[in-house]
Amino acid sequence: MSAATYSNLDDDDDSCPSYDFDFDNNQVEETRCNATKTASALMVAASAKAGMEDIDRERINAILLRESGNSSFMERQRKMDENSKKRIVEMKQRLAEKDNNATNRNWRSEMETGVIDPQIEKYKSQRQPLSTFVVIDMDSFFISCHILNEPHLAHIPACVGGTSMISTSNYVARRFGVRAAMPGYLGSTLVKELSKGKQSLTFVKSDFNLYKRKSGEVKAILEEYDPKLKMYSLDEAYMDIMPYLKVKMNNNTMNHESITKYLSSPNDLKASLPLHEAFPDSTVHTEVQNLLNSIRQKVKDVTGLSCSAGIASNFLLAKIASDINKPNGQHFVGPTEQQIQDFVQPLPIRKVNGIGRVMEKTLYGVCGIETVKNLFDSRAEIQFLFKPKSANFLLRASIGYSDCNKHREESVEEDDDEALHRKGISHERTFAPTSSWSDLCNKLEAITLSLVQDLRARCLMPKTVTLKVKLSSFELLTRAVTRNVAFIFDQNSAQSSSPQALVDVAVNLLTDVKRDRDKMNKVGRFTVRLLGVRCSNFQLHKENQFSLDKYRQKTCQPPTVINPYASPKREVVAAYTTACPAKKSPPKGEVKNASPSNLGQISCPMCDRVFPSDQNHALNTHIDSCLNALTVRELCKEETVSADERAKKKQKRTLNDFFTA
């Protein structure tokens, strides 16, 4: 590659000088350094990833910048980079003003001793005594699923995806800098140039049915060891194997099947002595590592797929550790304070889950932070410069702490309550850029209907819908709307929403996005390359109606419902009296007969209408109408009383009214 390739590139700090074709080696090296510096500042694709430890990062970054330097993506990256620079300058100014205006020059040490360090001690006191938290991470999951049927893919540079975008790559391709979220044409260029034309990148079409099936097989195995595990993606699982170990080490006669059955039944494990009190820590941790080895081997034997794992006293550390010995390995982090600090302090801050490229650059630009130890040493500046939520996250990261108790408490909730803690569920698709409105609406409809299937399967009822639009210029636009009444996609519910209702909301949001952009007189057509729909702000079933089981168990009072619509109509009350007559009490002293013919029947607790016990759906539908109609009638009654009172107040009162009142 000629040195002239690097001319006229923007440097990270100052503009890079342009060069003629005739210059010496020093100039070549200077140009190369400037180019790689710019590339490193802008490119995300060559960041650290398992299997990419020994790659020629500078050369890869330079190739990526050369091939995509004038692309819309890089233009967007440059704008983001400029915004980051401005933010760094502003934060530096704030810090300088604090130092210059502070009456006490020792404000850092005072903030540390008075505010930060007590919080750190509180976190440290909440650490778990043993390392039993595990993160399982499947190795290059998507491409590995294809390798099962096409073994030759394991020995050549291969990836899942196409020339537009790569989903994942195998470890052979990663040696050339090819990784997920990289355009496929760039991956092809990297392999071709770095192999000097000897190899080429092979693309494999994605098969999500295959991935879901294999992920289900993995989950079924892992649930034998932790029935309450969490999988936040198809290839990653969060487990606590403490309960399994507790049963296993306290009952040597129980085999794996017996332990799994015991864990799946409602048993109280708190009654037994804690493991760290019953056994030496070294014995427990040896058992932990042996057990995890056997779990990974079982996954390999049953599914044919390898996985890596991290073991630690919390999930933050376990997640980082799961990437240490990839592929097909595991890493153990001890629970003592010294063991945790020895592991976490030398780490680059980018290794911490939640710290991305922009945060990494900001921390380095303002405080010179590169490692987790640097992050801890600059805790006073972090506390001063960042918002409380961000500062608290960075503080916890600097000491390797996360709250595992809260994680487990959320996971032991019932299925309905789990929806309350879920932040949201979304579907999105990347496609060839298009400005055709009909194509965009069709794609958005398909995405939304797919999302409805997930919502229905998980019994989730969202109130908030968010649309995500990424233009061909990589400009990201979002719009959201929140309803008073949740979408219900339960086909057995009388209040069930039509899937088309959610589609209509999504299309309306897309219309709003396009209209707002047109009003801003943006240059260029409304060309879209990605659409996504996200549902959040979930409402629980118990907020909508009482369950049939609760009606059978006890007498329930109708919930207070705030009508989000207009004032109730009188004809609704008339419909109520026809469909659900008033409940009549038996005469005094009379007792209803509990004849054998009535034993197979269930009566509505609101109006005593009788239904056969096997017609649950009919009874639920009827109870819904009773509750809704009763609420409407009460609201009408309140409105009538209120109207009468207002009318009385408007009447002119005479002196006679005053004496007769």
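Start by selecting helix 7, residues 184-194, where Gly184, Leu186, Gly187, Thr189, Leu190 and Val191 are buried. Keep in mind throughout that the model is predicted. Add helix 2 (57-68), strand 3 (166-169) and strand 4 (202-204) to the selection: the buried residues of helix 7 pack against these three elements. Then step past the end of helix 7 to Lys196, which has a positive phi, near 55 degrees.

**The whole chain**

Zoom out to the full protein chain, which has 27 helices and 14 strands. Colour by burial, and 40% of the 661 residues count as buried. If contacts with a separation of 6 or more are drawn, 66% of them join residues 24 or more positions apart.

**The five-stranded sheet**

Next select strands 5, 6, 1, 7 and 8, given here in their order across an open sheet with mixed pairing. Strand 5 (230-233) and strand 8 are the edges, each pairing on one side only. From one strand to the next, the twist averages 15 degrees.

Begin at the strand 5 edge. Strand 5 runs antiparallel to strand 6, residues 236-240, and two bridges join them. To find the register, pick Ser233, which stands opposite Glu236 in strand 6.

Move across to strand 1, residues 133-138, which pairs with strand 7 in the antiparallel sense over six bridges. Here the residue to label is Met138, with Cys307 of strand 7 opposite. On the way to the other edge, strand 7 pairs with strand 8, residues 330-332, in the parallel sense over three bridges. Label Ala309 in this pair and look opposite, where Gln330 of strand 8 stands.

**Strand 7 by itself**

Isolate strand 7, residues 307-312, and show its side chains. How many of its six residues are buried? Six of the six are, so strand 7 is largely enclosed by the rest of the structure. Turn the view to compare the two faces: Cys307, Ala309 and Ile311 are buried on one side, and Ser308, Gly310 and Ala312 are buried on the other.

**Helix 12 and its neighbours**

Bring back the sheet and add helix 12, which lies across strand 1, strand 6, strand 7 and strand 8. Measured against strand 7 in direction, helix 12 runs at about 160 degrees.

Now add helix 8, residues 208-222. Its axis and that of helix 12 (residues 281-303) come within 10 Å and cross at roughly 140 degrees. The two helices are therefore oblique to each other, and the crossing is right-handed. For the contact, select Lys214, Glu217, Val218, Ile221 and Leu222 in helix 8 together with Ile295, Lys298, Val299, Val302 and Thr303 in helix 12. Coloured by class, the residues of this contact divide into six nonpolar, one polar and three charged.

Swap helix 8 for helix 9, residues 242-250. The axes of helix 9 and helix 12 come within 11 Å and cross at roughly 110 degrees. That angle makes helix 9 roughly perpendicular to helix 12. Helix 9, too, passes helix 12 in a right-handed crossing. On the helix 9 side, select Tyr244, Leu245, Lys248 and Met249; on the helix 12 side, select Thr283, Val284, Glu287, Val288 and Leu291. This contact has six nonpolar, one polar and two charged residues.

**Backbone stops in the loops**

Three loops remain on the route.

- Go to Pro327, in the loop between helix 13 (315-321) and strand 8. The peptide bond leading into Pro327 from Lys326 is cis, with omega near -10 degrees.
- Go on to Cys459, in the loop between helix 21 (437-457) and strand 10 (461-471). Cys459 is not a glycine, yet its phi is positive, near 55 degrees. Is Cys459 buried or exposed? With a relative accessible area of 42%, Cys459 is partly exposed.
- Finish at Phe474, in the loop between strand 10 and strand 11 (476-482). Phe474 also has a positive phi, about 70 degrees, without being a glycine. Its relative accessible area is 19%, and Phe474 counts as buried.

Methods: Residues numbered from 1 in each chain as written. Predicted model: local features only at pLDDT ≥ 70, side-chain atom pairs only at ≥ 80, totals over all residues. Heavy atoms only, no water. Axes fitted to C-alpha atoms, helices over the stretch in contact; angles between N-to-C directions. Helix = DSSP H or I, 4+ residues; strand = E, 2+ residues; numbered from the N terminus. Parallel < 35°, antiparallel > 145°, perpendicular 65-115°, else oblique. Left-handed = near helix turned anticlockwise from the far one by under 90°. Contact = heavy atoms within 4.5 Å. Nonpolar A, V, L, I, M, F, W, Y, C, P; charged D, E, K, R; others polar. Buried < 20%, exposed > 50% of the residue type's maximum accessible area, 1.4 Å probe, protein only. Pairing = 2+ DSSP bridges.
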